[in-house]
Amino acid sequence: MYSSDQRYDVICDPLDLWMVWDNQTEEPASFGGQILHGLTEGHAVEVAKIMNELYGSDKRDVPTAFRSVGG
């Protein structure tokens with residue numbers, strides 16, 4: 001993981017594929033119903049950055065559709 005102080009982070013799996021992780025729900029993040037995994041490192045970092053800018057500051061107002069599965 002890159003930074004634990006942000007809501008969204010990136011994690012590399014054993015197959016060297018990257019995912020965006022939601023530190024609030026402690027599950028892989030999703031967007032539009034799609035779990036954000038199987039990404040390149042650069043893509044995962046950019047998506048996590050955008051998600052943190054949009055949804056990381058006020059975690060209570062995140063729409064259900066943008067929360068990770070089960071959240």
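**Figure 1. The order of strands and helix along the chain of this predicted model follows the pattern β-β-β-β-β-α.** In this predicted model, the secondary structure of the protein comes to 1 helix and 5 strands, and reading along the sequence one meets them in the order β-β-β-β-β-α. The protein has 71 residues, of which 31% count as buried. Among the contacts between residues at least 6 apart in sequence, 39% join residues that are at least 24 apart.

**Figure 2. Strands E1, E2 and E3 form an open sheet with antiparallel pairing.** The sheet has 3 strands in the order E1-E2-E3. Strand E1 (8-12) and strand E3 (27-28) stand at its edges, and each has a single partner strand, so one side of each is left without a neighbour in the sheet. E1 and E2 pair in the antiparallel sense over 5 bridges, and within this pairing the bridge partner of isoleucine 11 is methionine 19 in E2. Strand E2, which covers residues 18-22, pairs with E3 in the antiparallel sense over 2 bridges, and here tryptophan 21 has proline 28 in E3 as its bridge partner. Of the 5 residues of E2, 4 are buried, so this strand is largely enclosed by the rest of the structure. As a help in viewing such strands, it is worth recalling that in a regular strand the side chains alternate between the two faces of the sheet.

**Figure 3. Two hairpin loops each contain a residue with a positive phi, namely aspartate 16 and glutamate 26.** Most residues other than glycine have a negative phi, and this general rule is the background for the two loops shown here. The hairpin of E1 and E2 has 5 residues between the strands, and aspartate 16, which lies in this loop, has a positive phi of about 60° although it is not a glycine. Is aspartate 16 buried or exposed? With a relative accessibility of 60%, aspartate 16 counts as exposed, because the cut-off for that class is over 50%. The hairpin of E2 and E3 has 4 residues between the strands, and glutamate 26 is found in the loop that joins them. The phi of glutamate 26 is near 55°, again a positive value in a residue other than glycine, and at 62% relative accessibility glutamate 26 counts as exposed.

**Figure 4. Arginine 7 forms a salt bridge with aspartate 22.** A search of the whole structure finds 1 salt bridge, and in the salt bridge between arginine 7 and aspartate 22 the closest N and O atoms are 2.7 Å apart. Which parts of the chain does this pair tie together? Arginine 7 lies in the segment before E1 and aspartate 22 lies in strand E2, so the pair ties together parts that are 15 residues apart in sequence. Arginine 7 and aspartate 22 are both buried. The backbone nitrogen of arginine 7 also lies 3.2 Å from a polar atom of the side chain of asparagine 52, a residue that belongs to helix H1 and that the next view shows again.

**Figure 5. Helix H1 lies across strands E1 and E2.** The helix covers residues 41-55 and runs at about 165° to E1. Asparagine 52 lies in this helix and is buried, with a relative accessible area of 13%. Methionine 51 also lies in helix H1, and with a relative accessible area of 3% methionine 51 is buried too. The C-alpha atoms of methionine 51 and tyrosine 8 are separated by 6.7 Å, although these two residues are 43 residues apart along the chain.

**Figure 6. The confidence of the prediction is below 50 in pLDDT over residues 59-71.** The mean pLDDT of the protein is 83, and 73% of its residues reach 70 or more. Over residues 59-71, however, the pLDDT is below 50, and this stretch has 30 contacts in the model beyond near neighbours in sequence. Where pLDDT is low, the predicted coordinates should not be read in detail.

Definitions and conventions. Residues numbered from 1 in each chain as written. Predicted model: local features only at pLDDT ≥ 70, side-chain atom pairs only at ≥ 80, totals over all residues. Heavy atoms only, no water. Pairing = 2+ DSSP bridges. Contact = heavy atoms within 4.5 Å. Axes fitted to C-alpha atoms, helices over the stretch in contact; angles between N-to-C directions. Buried < 20%, exposed > 50% of the residue type's maximum accessible area, 1.4 Å probe, protein only. Polar contact = N/O pair within 3.5 Å; in protein donor to acceptor, adjacent residues only side chain to side chain. pLDDT = per-residue confidence, 0-100. Salt bridge = Lys/Arg side-chain N within 4 Å of Asp/Glu carboxyl O.
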